[in-house]
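Biologist: I'd love to go through this structure with you and ask how its descriptions are arrived at. Could you put it up for us?

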Amino acid sequence: MRDRIEGLIGRLVRASIVERVAIAAAALVAAVVVGGVLVFVSGGFASCASGLDLAGWTFCYNPMQVYYELFLGALGHPLEGGWHVHNFSLATTLRETTLLAFAGLSVAVAFRAGLFNIGTQGQLVVGGLLTAVTVLFAARFVPGGAVGTLVLVPLGVLAGAVGGGFYGAIPGALKAYGGANEVITTIMLNFVAVGVTSTLLSWRFQDPESANPQTRAVPEYAEIPTIPVIGYSPRLDFSLLALGFAVALMVGLAWMLARTSFGYELRVSGVQPEAARYGGVAEKRMTVASMTLSGALGGIAGAFWVLMQHGRWLENVPSLGFDGIAVSILAGNNPLGVGAAAFLFGVLSSGGRSINTATDVPPELVGVVSGLIILFVAMPEFFRMIGRQFLDVDEEPGRGTGGGADE
Amino acid sequence: MSESEGDTVAGRSAGESDLAVHLDGITKRFSDVVANDDVDLRVERGSVHALLGENGAGKTTLMNVLYGLYEPDEGRVVVDGRERGFDRPRDAIDAGIGMIHQHFMLVDTMTVAENVALGNEPRKWFGLAVDRARIDREIRDLCDRYGFSVDPDARIGDVSVGVRQRVEIIKALYRGADVLILDEPTAVLTPQEVEDLYDVLAELTAQGKTIIFITHKLGEATHAADAITVLRDGESVGTVDPEGTSRAELAELMVGREVLLEAETEPVETGETVLSVADLSVIDDRDVPVVSGIDLDVRAGEVVGIAGVDGNGQAELVEAVAGLRTPDAGTVRFSGRDVTDWSRRKRIESGMAYVPEDRQERGLVMPFDLVENAVLGSQRGPAFAGDGRIDWAAVRDHAEDVVGTYDVRPATTDSEAADLSGGNQQKFVVGRELERDPDLLVATHPTRGVDVGSTEFVHDRLLELRREGVATLLVSSNLEEVRSLSDRLAVIYEGEFVDVVDPDAVTEEELGLLMAGEHPEGTTESETEPPVGGEGGDER
Amino acid sequence: MSDLLSRRSAAVALAVLAAVTIAAGLVFPDSWVGTVLSVLASPGTHTAMLRLAVPIALAAIGGIFAEKSGVINIGLEGLLIVSAFSAILVTFRLGAGESTALLSNHWWGFAVGVIVSTLFALLFAAVCIEFEADQIIAGLAVWLIALGLAPFASRIVFDSPNTGNVGTFDAVTVPVLSEVPVLGYLLFDTGPDVYVMLIAAVAGWYLLARTRFGRWVEASGENPKALDTAGVDVRKVRYAAVLLSGIFAGLGGAGFALGQLGTFAGGGETDIGGRGFIAIATYLFANYHPIGALAGSFLFAGLDAVQIRLQTYGYAVPTELIRTIPYVTVIAVLVLFGKTRLPEAAGEPYDPDED
């Protein structure tokens, strides 16, 4: 009986989708455990009035409390009294989820095409600035109110997509026609994006009434509208419409990858470029096209960051693009998985603030935990080894390419 | 097939003490595949011993066991009368065993001397520096002793394949090897280089070295070896003396039944020219001209074969025709249109099918299932994707047809391409391409790795297409295959056609000379003029 | 060959440009060209350049070892961050300006910085070699972990993402030799971090070009199977190479922190500010040559030094734009001067059982 159950589990462990989800979950647990140890140990070096005394050494931090704040604080403490779904923390979590979903999709699309787009951050920066500038400019010619919203919001998002798409197309073209490795060029272009946008800002677009490096604010009617009654208050900087748009993009991209000729070609290019060439895919154009699409998604993330969160572009752009890499990797580069992964990272991001207010643990912990998640997701072999040890799963079945039986 | 201990002591031809290597009952499994099943091998000192068998018979696996790359699941390895257990190549090297792999184990960016000494560098200055002078001296000594001429300072990336093989041999000798294992050493050589290799082997055995020679070519085994052990499906089916064994007997041992080498080709009325290649030249990625001014016509209902030693430009020629490589000069015309600048996709859509040389790199997307693989090449075509969306139901039907018709096993379209055996992968690719309803079929090694029964089926399908008027350009390293299927046979050498011959009239010896770039005595234009129209072969 | 030629012609073009600038500056000393020239000629700029080159050059040399062996270490930035931070932290805790066991606490901090970086590299090596992780993703993870860990620890100890100030190494002045013009202040009156950099560059070159380990590193990255069949354990070679990248990057991070910064700001991009990525660019630019990487780091650090000095002259330099020059240069180099050829097997885990 036990054998049979183990056999069943073994087969499940081998099944690829189940395996991927299992590995993502295991990576999360492992990162949380390691992060917890880190919190506990570092508590030994902090100073506090009361803590856990062990062998004459005082440990100030309680990892359980930290994770309680991290995960439940991000939802606004649903287990405590007076909880309401429209709370500030949950709004923050969902806002981050939305932005991370766009960024994650950006990375995922490139990944599926076999391209490692580390430049989502730069594409987001450029797209966001173009959104703000375009909307500020167009607002002069557009009436306010609902008409303004209907014109300016799509225009702003489009501008972000165009800006990001263009900025993504650069490394795509450099790779296709110049042979430059996209990992290197996108990293470099991130720094270039920061330099160029802040130069542009001080040259033209700085808000003259502010000492902070930022553009002027777009008119209120140009921000992403919220749904009355069931939606979140505009003061919370989150709109369900934006989340809905993100979900629609996820589904749309999943459909595109699975059902369309373009999606098929993109996937073949990603797993086996030689086979794509053989199958008649115009590889160079595919490289540019997928990087442009990826960049456009990054630009959309920038557009929503501008139009939903701040109402203006700020020089200090949060690292949504890098977190997007984590989201995509955790999701196995699957557009639908990006939703779940984005929510998790949204929780981490928002929970970081709860940690800051409710405990003495530095909120940078969240960055460490995200890094650990990526690290663990990157090493599925680690979990397979553990899995094999405990479940006694057979070795992987022999593959056509493996072994020595082919000579 | 295993022998008992008693047999070993009694000995058939040599006592244990005369054996340089004795593999006793070796079994090696890869998960559920048994690559070697209770194999025995007895190699006499100072002899050339051939290990003969088809691809996949387990020859390389057996030698990797001897070399310490694989650990056997069962059996003993005895070297020089002492039982050994090699965990890693280092142990085998220390025991005096050297291996020259089919894919050379050389670092292209390093020099001959650096490669020879790799892992065994002598040091000076208390181990702080490599003693380069000493390496050069020792290489020169080895070259003098065995009559090689190799420049120790040449970069491996710059020297010919023959020289690389020589470097591999020097590398093994440098490490003090007494037993040299050569894995398919002739596969990449020209006939002249093969002759040179035989001389080297003779020189080595004359100086007391022992050679184990892995090959799937009958002629080489009988020509060069003192003894031949035949492997089939992972089992050893016998050791024979080449003097007293006919080639037919050996062939039967290899494949396990009598082989019918000829496919029957009845003459077919040829139609108009489908493919016309004129003055085509290709320069490869390293700026080396690999195809120079080739002219070639293939008519409807005709099979034109290309014979030649691998690496003489046939791969690049085919890629230029198929649209995977941009020619440097010349034109490719297809069904009367100049397609030289056409994209690969346009060529597919206008009726060109292509069975590529490398099914695992090109022909199949390994992590995709067979349904998804069935649409590769047609993903934008009207049959399955008229409007940018792929009709997966239709693709699935098509995939099931191919799997059924071409006997792909396991007979399900849900398996990943990677989970199929090499032969079944090949059958699927061939099936997909042949069922494209093409005007032109370009096929490279269409039956490589495919079992005998399926080979016959593929050959029949090729001839059926020929009857239906498809033009076929066939490249194969299997001479029997190109000879039996082709109406005309072009021989390629260093990127040029040496000659175009009638495959039924030409002898194997003549083909061999042509493949070495030489014209056999008495072969004249009139004799070799192709029987059915066309020109080509103007490089005489 | 053609790559080499175009690299050379680019160098010639640069030299011509430099000559024209110098001529113009000499003729019109009061113009901005003249100011640039005087900045370029000032010893202060040169000294600053050397010190700013420390993290770039050392991380680049470390990166060369890892990548040549077949493991792309994109986490160099992270290694610089952890080594710089821990060097400052330990020096601070032990007491800046004091000594422990006869050795200045700055050196203890330096040593710990190198050790911490090496431990991170060990973690990275295990993840990539043992568990066959994707090297790019694992490298990014190392960077992100370091990016979080440094300010995290800093907040615990200093209650702020920025550390306290411990001051920098004293310059080491060699009597007599330091009086030699130009070479004197450059090489004989400078911080120990600069000496470490110069010695490490030569040592790195020697190790790669002259020892058997260097050969093995190259073979491990180009054709690991060849190395394996020659009886050398590829995994050990790769472990050693990645650990070396940790040591070199640690020398760079700790040297930069204690030689130039004196304190460590852990907010945002931290004080390292992308120098680890510039290091990657530098070694690609130098085609994996340690001495070339040293020269390349002078170029990029020099740009930084000039820009900083120009600002002190009151010129409204578009700082942000100038900062992008190294990055744009790298892209231009990648595209124009041919594809810096990555080692054949870089990025792939080595599996001896695969044919």
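Biologist: In which hand does α3(C) pass α12(C)?

Modeller: The crossing of α3(C) past α12(C) is right-handed. Keep in mind that this is a predicted model.

Biologist: Why are α3(C) and α12(C) called oblique to each other?

Modeller: Start with the value: helix α3 (residues 43-68) of chain C and helix α12 (residues 275-285) of chain C pack at an angle of about 60°, their axes being 8 Å apart. Angles under 35 degrees would count as roughly parallel, and 65 to 115 as roughly perpendicular. The angle of about 60° fits neither class, so α3(C) is oblique to α12(C).

Biologist: Which residues make that contact?

Modeller: From α3(C) come C:Pro55, C:Ile56, C:Ala59, C:Ala60, C:Gly63 and C:Ile64, while α12(C) brings C:Arg275, C:Gly276, C:Ile278, C:Ala279, C:Ile280, C:Thr282 and C:Tyr283. Sorted by class, the contact of α3(C) with α12(C) has nine nonpolar, three polar and one charged residues.

Biologist: Let's move to chain A. What makes α4(A) and α8(A) roughly parallel?

Modeller: Helix α4 (residues 88-112) of chain A packs against helix α8 (residues 240-259) of chain A at an angle of about 20°, with 9 Å between their axes. The cut-off for roughly parallel is an angle under 35 degrees. An angle of about 20° meets it, and therefore α4(A) and α8(A) are roughly parallel to each other.

Biologist: Is the crossing of α4(A) past α8(A) left-handed or right-handed, and what classes of residue take part in the contact?

Modeller: α4(A) passes α8(A) in a left-handed crossing. Among the residues that meet are A:Leu94, A:Phe102 and A:Arg112 in α4(A), and A:Ala242, A:Met250 and A:Leu257 in α8(A). The contact of α4(A) with α8(A) divides into 12 nonpolar residues, one polar and one charged.

Biologist: Why are α5(A) and α12(A) called oblique?

Modeller: Helix α5 (residues 120-138) of chain A and α12(A) pack at about 135°, and their axes are 7 Å apart. To count as roughly antiparallel, an angle has to be over 145 degrees, while roughly perpendicular covers 65 to 115. The angle of about 135° lies in neither range, so α5(A) and α12(A) are oblique to each other. α5(A) makes a right-handed crossing past α12(A).

Biologist: Which residues make the contact between α5(A) and α12(A)?

Modeller: A:Thr120, A:Gln121 and A:Leu124 belong to α5(A), and A:Leu320, A:Gly321, A:Phe322 and A:Gly324 belong to α12(A). In the contact of α5(A) with α12(A), three residues are nonpolar, four are polar and none is charged. Glycine is counted among the polar residues.

Biologist: How many residues does each chain bring to the contact between chain A and chain C?

Modeller: Chain A gives 39 residues and chain C gives 40 residues. On the side of chain A that touches chain C, α7(A) provides the largest share, 11 residues. By class, that side of chain A has 24 nonpolar, 13 polar and two charged residues.

Biologist: What is the secondary structure of residues 107-129 of chain C?

Modeller: That span is 100% helix and 0% strand, and its end C-alpha atoms lie 32 Å apart. An unreviewed UniProt entry includes residues 107-129 of chain C under the annotation "transmembrane region".

Biologist: How is chain A divided into domains?

Modeller: The assignment gives domain 1 (2-61 + 383-391) and domain 2 (88-359). Taken over C-alpha atoms, the centres of domain 1 of chain A and domain 2 of chain A are separated by 32 Å.

Conventions: Residues numbered from 1 in each chain as written. Chains lettered and ligands numbered in written order. Predicted model: local features only at pLDDT ≥ 70, side-chain atom pairs only at ≥ 80, totals over all residues. Contact = placed C-beta atoms within 7 Å. Helix = DSSP H or I, 4+ residues; strand = E, 2+ residues; numbered from the N terminus. Axes fitted to C-alpha atoms, helices over the stretch in contact; angles between N-to-C directions. Left-handed = near helix turned anticlockwise from the far one by under 90°. UniProt positions renumbered as here; feature names shortened; annotations may be inferred. Domains from an automatic or database assignment.
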